[in-house]
Amino acid sequence: MNKMFSTLMTMGLLMVGALFSNAQATAVITEKSGVYGASADVEVKDLSGYYFIGNTTDGFLEATEVTNDKGTKYTTVVGAEEPTGDLNKFLFKVEVATLGSVKKFQLRSKSTGNLVTLSTGKTAQADLDADGTGPGAAAVLSDGFDSDLLLINAFNLPENDKFVEGGVKFIPYHGGAKPCTQELKVGGSTDYEFSVEAANGGSSLALAAPAEMTKKAADLYTLNDNRNTLSFGVKDITSSLFGKSLKAFEVTVSTIQDEKGNYAPAGTYFATNYPEELAANKAITTLDEFQACDFIVVDPNTSLGTTDDRKAGKYMAFKEVAGADLVFGDTKGAEVAVKNAAFTVKTNMNQENGEGVYKFSISATFSFQPDADKTDHADATGVITSDKLDGAQTLTITKGAKASYIFLLSSGPVAKPINLLSKTGASVYNVLFLSGKTDVEKGKYLGVGITNSAFEFVAQGTAVTDLGTPQYQFVISAVDTEKNEITFTNRETKEAFTCVLDTTTTAGVYTIVSAKKAGAGTAADPAAAKAANLGTDGAYTFASFSMVGKTIQLIPATVDMCAGFSVRGTGIDQTFITFAKDENNADRLYVKAKYNASAMPSATVTQEDATDKESEAALFELVRSEKPVYVRSNYVYNLNDAVSTKTGGDTIAYYTYYIKYVNPDITGDQFYVKNNNLTLEAKATPDNSHAFILKENRDGSVSIIAAPTTGFMASTMKSVSYDDGTKKAIISAGAPYKNAAANDLKVFLVKEELGASLKATPAHVALEATTGGFISLSEKNEGIVAIKTAVSEDLTFWLDTADSKATLPAFYISKGISKVTKAADTDRLFMYYATDSATYYEKADTKNPYKWSNGDAKIIFKAATLANADTLVTTANGKTINVAVAADVNGTQAGLNNFRFQIFKADDAEDAYVVRNAGGKYLVSIANQLMLGDKKDALQLFVEEGQSPVDNEAVNASSISIGATNGAVIIKGAEGKTVTVSNVLGQTIASTVITSSEATISVPAGVVIVAVEGEAAVKAIVK
């Protein structure tokens, strides 16, 4: 600076009292509206707050911070023409101090909080008096900073302990025996700079108090660290609408007009709720914007005082009212005038605790109802005061009261992150929006969706949201206790955002002060950083809404590691893949496929146009992985009141599934659906390219998702959907996290609609076709439909259960090898789908005895022995073999399912049954020849319980006779002998010693085997 520490003027010593003359009229500071008021005599002993120091002729002191060559920071001053910009730099607190035995005063800067020194902290150059006590008459306080001058931050007191209106001279104190011959000055040139020069009787400086200033909405945000919300507090008041997180909007005159031409008065309006598009605004400019908000207003009908107080307009209360309900014109009764929401906010920088203290008044007048029995309203000017009513400190507005600075502007009651952390594990929450637009986010829950192949945060209603699933759960993964920032990470997708929360008067309810996508604040590209902002000024939004300014509830969530993903059984899991608008919609489409065994160079399966007929639908088997896939996230927790991190501590898990096409005609490699394009590929062993995730949705639909290889990434998340153009199932990006519209076709996994099964108990039955004739055998043991003959036992079959406890049990259907077959015999002719034998015979250049003339494999009856429910013993290629479901190393061959058949109702409304092979195809009849085919062609049968080929004839074993009656067998002539009654599987029902010549043994209805000691066993059919 040009004149700083400039010209030294040598003068004689001046007495301290003479230095504080009132003669310099130029020191008077005239009032400057909005910045400072005229100075007046100020009692030193009564000094409080902060003051401007200077005069309107020469300029003002401005604090600045400097650093010496040792790195120590000091506060010094420079000069300026007028206080502008940050006014705190021009404000100084005058503190009285005792230095040695003398009372002095010192200056403390409001902007730095430190005492003012008179050097810049660079190189020591100052000369000392001869006695070494301070600067001599010829010395200059230069740009240096001498260690002996560390205490040059105090000044002599003015005479009579007053700062007078005419001005004073500030003499630096150096602790010596002689007063300093230099004085603090501002100006002396057009540069308006600060200097310490020899006392020359020039212009004096004066103190001026800051003026009371009106603060509009934009000013309040600047003073509140540019946060989008603010709140006000009053000492001793714990609950107040003004203590909530508020949005301040400025309304200017003649801006907002109702349909009748009435204007909203100018002023600052405080919104407790507002649409997200206004979150970054500092003003409201349209009626629509105004009516979309809720405001704090003076309640015209409620006084917290007495009836007389109400009549006088005293102690009127506050309430929240929707902007759309405020009346712009005259009001009566319970109506609330719009002017009751228009406030003026003022502050004075002279306050001890700075610019954070405010007083509120109504901008013009407020309207109130003096008499509860009359609807008439009166108008009054008023200010907000804090009064003790009924023993409680209360915030009210009163007509004609004197305004005082009672409000403290704060950043809001900030939520301390550690208070949200669990001490025992992860802190997982569902996030419920309590504010915002009803049709956008209010009343909905935070989740994750996909737009344009990018994850986004979305608000979803209870029809979609499943709070028990990780898609709608957020774990606290990091906190910054200094900035009070909390990072919430979605448990499923790992999308995260960092926010600052304000607490409210309700536990668990918070206001979001700021929010940004986690990690976005340090983006090298400013545009990218802005795009990642979750506020309204960034492109990264919450699907048409932002979180900033919203009130949310954090609800502790119940965590289930596998929630949201299908955990289906390990057994055979067969299903149709269908498309429908909702779970119960009868109009559904089925995925359809065609198997072409003769395709070159090998068989193929191709997807065809979807069908609305289940009988034409492709059946698929879901083959579950042995082990789940784990997705892990970090979380933080409270460990002894300190933040600790658990790496990978939060876990979700899901199984993957191969989707296998079910068709019993396929005997080699099975066909599995590819997860990149839904083609079907023949594979001996499927791999990752065939793996899918089954994600369950709240509406009963599923998302069949191509299993990711590197975690959930929006750009790679593809799932099955229906394409109206191709009429086929396709796989498309982003679909698993898109909200489906009401008319969209969603994916449902549907079990076959099968009727009730035939009771799973051993029996003898005749199977009569609804079109005429009975299931029978040809002379070559081929399955046919034949007319009933006198030899009825040829039409009667044994039924043995293969898996009686299954949801849809299977049976072995067999015939005795000869007419003398006993019930206990297991050597029979078993119904057999001869596809394996037909395939083997294709190798020989002979006519295939296992195929009908149309080329389909026959249903034949093959000699075998039922070893147990899971094994048949038969012959193949002239060798005796065991046949089971799967082959093993001991020589057991696969193919048992070709002997197993399910018998269930074609329609529960009818009595007829259909027969389906365990491989999925149905028994059909073409020209009375039995084979397997599609469901739509299934042969419908009446099942008639019949008698065994060896019936209840009176069997005479020597003198012993055995008969059957209802619920019992009767044994005659077996006195003293042991009788054992068994079922056809050899299980003992009863065993007893006969003690009379005629004994009755109670047994369940059905076929039983009766064995009398020393005699051949016989069959009996009990009614």
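**Exercise 1.** In this predicted model, classify N928 as buried, partly exposed or exposed from its relative accessible area.

Solution. Step 1: the relative accessible area of N928 is 44%. Step 2: buried means under 20% and exposed over 50%. Step 3: N928 is therefore partly exposed, given its 44%. Step 4: for its location, look to the loop between β61 (922–926) and β62 (929–933), where N928 is found. Step 5: the backbone of N928 has a positive phi of about 60°, although N928 is not a glycine.

**Exercise 2.** Repeat the analysis for Y315: is this residue buried or exposed?

Solution. Step 1: Y315 lies in the loop between α4 (307–311) and β17 (316–322). Step 2: its phi is positive, about 55°, and Y315 is not a glycine either. Step 3: the relative accessible area of Y315 is 16%, so Y315 is buried.

**Exercise 3.** Place T656 in the fold and list what T656 touches beyond its sequence neighbours.

Solution. Step 1: T656 belongs to strand β41 (residues 656–662). Step 2: with a relative accessible area of 13%, T656 is buried. Step 3: leaving out residues up to four places away in sequence, T656 touches V623, R624, S625, V629, A691, F692 and A707.

**Exercise 4.** Trace the pairing of β36 with β35 and with β37.

Solution. Step 1: β35 (residues 574–580) and β36 (residues 589–596) run antiparallel and are joined by two bridges. Step 2: in this pair, F579 stands opposite L589 of β36. Step 3: β36 also pairs with β37 (residues 604–611), again in the antiparallel sense, over six bridges. Step 4: here N596 is opposite T604 of β37.

**Exercise 5.** Describe the largest cavity: what is its volume, and which residues lie nearest its centre?

Solution. Step 1: the structure holds four cavities of 30 Å³ or more. Step 2: the largest has a volume of about 130 Å³. Step 3: its lining has 14 residues, with I577, V591, F620, V673 and L678 nearest the centre. Step 4: β36 gives the most to this lining, three residues. Step 5: by type, the lining divides into 12 nonpolar residues, one polar and one charged.

**Exercise 6.** Which residues have the most contacts inside the largest nonpolar core?

Solution. Step 1: nonpolar side chains tend to be buried together in soluble globular proteins. Step 2: the largest core here has 39 residues, and L420, F488, L501 and L554 have the most contacts inside it. Step 3: beyond four places in sequence, the contacts of F488 include L420, Y429, F474 and L554. Step 4: a second, separate core of 29 residues includes V345, F360, L395 and F407.

Definitions and conventions. Residues are numbered from 1 along each chain as its sequence is written. This is a predicted model: local features need pLDDT of at least 70, side-chain atom pairs count only at pLDDT 80 or more; totals for chains, interfaces and linings use all residues. Side-chain values use heavy atoms; hydrogens and water are left out. Two strands pair if DSSP finds at least two bridges between them. Helices (H or I, at least four residues) and strands (E, at least two) are DSSP runs, numbered from the N terminus. A nonpolar core is a set of buried Ala, Val, Leu, Ile, Met, Phe, Trp, Tyr and Cys residues joined through side-chain atoms within 4.5 Å. Buried means under 20% relative accessible area, exposed over 50%, partly exposed in between (1.4 Å probe, protein chains only). Contact means heavy atoms within 4.5 Å. On a 1 Å grid over the protein atoms alone, a cavity is a set of points where a 1.4 Å probe fits but cannot get out, and a pocket is an open set with protein on both sides within 12 Å along at least five of seven lines; lining residues have an atom within 4 Å of a point. Grid points are joined across faces, edges and corners, and a volume is the space filled by probe spheres set on the points. Ala, Val, Leu, Ile, Met, Phe, Trp, Tyr, Cys and Pro count as nonpolar, Asp, Glu, Lys and Arg as charged, and the others, Gly among them, as polar.
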